[in-house]
Amino acid sequence: MAKITYIQFDGSEHVQDVKPGLSVMEGAVKNNIPGIDADCGGACACATCHVYVDEAWVARAGEKSAMEESMLDFAENVEANSRLSCQIKVTEELDGLIERLPESQH
Ligand code: FES
């Protein structure tokens, strides 16, 4: 399991054990953690699973694909550490990952 911390825009935190193989988005949605809408179900086609990866974890979260880069254009307030959480696969190496959620996904 990998322990992932999802920090809401208001600062409240949800710490969740997520099974490797799931995406960071699935770790939130399957456990009813609010703030990630994931309208397309993880197909990299909606940008409503936008998160900010904690700076210390950006490199370990992996590279964005070209498709993810272009979908991020549809998200608001995109920063250098923005990712689509459906495109981050959970591994044991991501144990401790911290994500911050945007104010809104729309
Ligand atoms: S869930 Fe739609 S892009 Fe991630």
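**Exercises on a predicted model**

The largest nonpolar core of this predicted model has 27 residues. Those with the most contacts inside this core are I4, Y6, V24, I36, L84 and L97.

**Exercise 1.** Determine which elements give two or more residues to this core.

*Solution.* Two helices and two strands are to be listed: α1 (24-29) and α2 (66-72), together with β1 (2-7) and β3, each give two or more residues.

**Exercise 2.** Establish the strand order of the open sheet and identify its edges.

*Solution.* Begin with the order, which is β2-β1-β5-β3-β4 for the five strands, with mixed pairing. Next, look for strands that pair on one side only: these are β2 (13-18) and β4 (82-84), the edge strands. Neighbouring strands of the sheet are turned against each other by 35 degrees on average, direction ignored. Finally, examine one pair: β3 (residues 50-53) and β4 run antiparallel and are joined by three bridges. Within this pair, Y52 stands opposite S82 in β4.

**Exercise 3.** Decide whether E99 is buried or exposed, and assess its charge pairing.

*Solution.* First, locate E99 in strand β5 (residues 98-100). Second, note that E99 is buried. Third, test for a salt bridge, for which the cut-off is 4 Å. The nearest side chain of opposite charge, R83, is 8.0 Å away, and E99 has no salt bridge.

**Exercise 4.** Trace the contacts of E99 and Y6, leaving aside neighbours within four places in sequence.

*Solution.* Start from E99, whose contacts include I4, Y6, V24, V51, Y52 and I88. Then turn to Y6, which is in contact with E99 and also with, among others, S12, H14, V18, V24, A28 and I36. V24 is thus a contact of both E99 and Y6.

Terms used: Residues are numbered from 1 along each chain as its sequence is written. This is a predicted model: local features need pLDDT of at least 70, side-chain atom pairs count only at pLDDT 80 or more; totals for chains, interfaces and linings use all residues. Side-chain values use heavy atoms; hydrogens and water are left out. Two strands pair if DSSP finds at least two bridges between them. Helices (H or I, at least four residues) and strands (E, at least two) are DSSP runs, numbered from the N terminus. Axes are lines fitted to C-alpha atoms, for helices over the stretch in contact, and angles run from 0 to 180 degrees between N-to-C directions. A nonpolar core is a set of buried Ala, Val, Leu, Ile, Met, Phe, Trp, Tyr and Cys residues joined through side-chain atoms within 4.5 Å. Buried means under 20% relative accessible area, exposed over 50%, partly exposed in between (1.4 Å probe, protein chains only). Contact means heavy atoms within 4.5 Å. Lys and Arg count as positive and Asp and Glu as negative; His and the chain ends are not counted.
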